[in-house]
Amino acid sequence: MDTVENPLGDAHRSADTFAEGNERYQLLVEAVSEYAIYMLDPTGRIRTWNTGAERIKGYTQNEVLGQHFSLFFTPEDIQSGKPAMILATAAREGAYQEEGWRVRKDGSRFWASASITALFAENGQLRGFGKVTRDMTERKLAEEQREQLREREQQLRAERAERALMESAVRMRDMFLTVLAHELRTPLTSLLGTAQLLLRRGQREKTLSEKDRRGVEVIISQASRLNTMVSLQLDISRLHTGQLRVERQPLDLGALAYQVVEEVQPILTLHTVRYRGPDTPIWVAGDALRLIQVLQNLVQNAIKYSPAGGFIEVLVERYDTAAQIIVTDEGMGIPPSDLPHLFQRFYRASNVDDRQISGLGVGLYVVKELIMLHGGTVEVESEEGRGSSFIVRLPVFEIQP
Ligand code: ADP
């Protein structure tokens, strides 16, 4: 009996529960602030709005109710008909989800994760859509930052690999040059020695015709040039491996420069090379052979880069606590833009024509390294078309022997 006594009572209770549930659901939806949750009618007009929607999109309920939801889309998306496409897809397939840029009331954009669900009546008629949107801008930006970081790392890795490749190519080149210089040294020495022997014997025994004597002299001078280049390359190899050492002893810089100037006299045709120095010695602690090499290099450059001839001075003087050598020429000079690079390996100034004045661009590099090993400095002053001065300074050796 009880079960049929109050049939409406149960029905009432369940209707109440349903209404209560619905209300609670409404309250819940309204309170959610992380998500924009709202309903659209079948044409896409906004029917409900919640706190989250207001927070994310910036519109109050009064501002948006009745408006078309394309309000939140970018002009590009509106242009391409995206809002209508979304509704059509959701109606056809029941739901639609995507991530994309949306626009807030203030015009700023945010990265939205949006899902839309079609709502149907029991008879299958479309009643509208439920929309849930979340602002994922921070995640998106973090992802983009991560992506940028990844790209930067990749770029760095690629750069490192390229650098390593270049360094290994340079090492290979240096190794090749070192081996070549070593291999050339022995045959060159024997060539030079034999030619000098022939010349001496020919002169002593008068067995050489004038023509042959000149021929042998050409062999000697060319072999000597080759020998100088090979020695320079070996010096560079030693510099790189830290094996180039200087044996320093007290020596008179004036006497040394004078010797170099005297030795160069026999080969001069177009140039005049003069020594100027003090009457008293200027002592430095130096490796005589290496300092002679430095001076020879500077004097030979002065000759080489004054193709029209001219006056070259080798001046030795005291400069404060330093002994100073200045080699000055009246040659072609050096353009200002080349001056800072002149002592770099393989560097040649832009005003030299390789076909007319040959060179490897390593002489001054070795000069600088040798002077640095002596605790000194080398500088250049020049005016293009007027001439150059190379200034070497070495610490004076104060305790006079
Ligand atoms: P190389 O003479 O073999 O080229 P160096 O290292 O001796 O090598 O000289 C480097 C460059 O410096 C030369 O190529 C030249 O451009 C410039 N240079 C050196 N000495 C002089 C000089 N006295 N006058 C003008 N330019 C010079």
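This is a short tutorial dialogue on reading a predicted protein model.

User: Where should I begin with this model: what does the secondary structure come to?

Analyst: A count of elements is a good start. Keep in mind that the model is predicted. Its secondary structure consists of eleven helices and eleven strands.

User: How do I read overall shape, and what is the radius of gyration here?

Analyst: The idea is to set the radius of gyration beside the value that the globule rule gives. Here the radius is 45 Å, well over the 21 Å given by the rule for 401 residues, so the protein is more spread out than a compact globule. The box tells a matching story: along the principal axes, the C-alpha atoms fill roughly 155 × 50 × 45 Å.

User: What share of the residues counts as buried, and what does the accessible surface come to?

Analyst: Burial is read from relative accessible area, with under 20% taken as buried. By that cut-off, 37% of the 401 residues are buried. The accessible surface is about 24,800 Å², and carbon and sulfur atoms hold 54% of it.

User: Which share of the contacts joins residues 24 or more positions apart?

Analyst: Here one looks at contacts with a separation of 6 or more, and asks how many span a long stretch of sequence. Residues 24 or more positions apart supply 57% of those contacts in this protein.

User: And the charges: how far apart are the mean positions of the positive and negative ones?

Analyst: One compares the mean position of each sign. With 48 positive and 55 negative charges, the two mean positions lie 6 Å apart.

User: Now some single residues. Which residues other than glycine have a positive phi?

Analyst: Check the backbone angle, then the place in the fold, then the exposure. Two examples are Lys206, with phi near 55°, and Phe346, with phi of about 70°. Lys206 sits in the loop between helix H7 (137–205) and helix H8 (210–240), and its relative accessibility of 70% makes it exposed. Phe346 belongs to the loop between strand E9 (322–328) and helix H11 (363–373); at 36% relative accessibility, Phe346 is partly exposed.

User: Is Ser306 buried or exposed, and what does it touch?

Analyst: A loop residue can be read in the same steps. Ser306 is in the loop between helix H10 (288–304) and strand E8 (310–319). It counts as buried, at 2% relative accessibility. Leaving out residues up to four places away in sequence, Ser306 touches His271, Asp329, Glu330 and Gly331.

User: How many aromatic pairs are there, and how is their geometry read?

Analyst: Pairs are judged by the distance between ring centres and the angle between planes, where over 60 degrees counts as edge-to-face. The count comes to eight aromatic pairs. In one of them, the ring centres of Tyr258 and Tyr275 are 5.7 Å apart and the planes stand at 80°, so this pair is edge-to-face. It links distant parts of the chain, with Tyr258 in helix H9 (residues 253–264) and Tyr275 in strand E6 (residues 271–276), 17 residues apart. Tyr258 is partly exposed at 42%, and Tyr275 is partly exposed at 24%.

User: Why is the pair of Phe343 and Phe390 edge-to-face, and which parts does it tie together?

Analyst: The planes are at 75°, with centres 6.3 Å apart, so Phe343 and Phe390 form an edge-to-face pair. Phe343 lies in the loop between E9 and H11 and Phe390 in strand E11 (residues 387–395), so the pair ties together parts 47 residues apart in sequence. Phe343 is buried at 10%, and Phe390 is buried at 7%.

User: Which residues do ring pairs link into a cluster?

Analyst: Follow the pairs from ring to ring. Tyr38, Trp49, Tyr59 and Phe72 are joined this way into a cluster.

Technical notes: Residues numbered from 1 in each chain as written. Predicted model: local features only at pLDDT ≥ 70, side-chain atom pairs only at ≥ 80, totals over all residues. Heavy atoms only, no water. Helix = DSSP H or I, 4+ residues; strand = E, 2+ residues; numbered from the N terminus. Rg over C-alpha atoms; globule rule 2.2 N^0.38 Å. Buried < 20%, exposed > 50% of the residue type's maximum accessible area, 1.4 Å probe, protein only. Contact = heavy atoms within 4.5 Å. Areas by Shrake-Rupley, 256 points an atom, 1.4 Å probe, with all protein chains shown as cover. Lys, Arg positive; Asp, Glu negative; His and termini not counted. Charge placed at Lys NZ, Arg CZ, Asp CG, Glu CD. Phe/Tyr/Trp six-rings, centres within 6.5 Å; stacked < 30°, edge-to-face > 60°.
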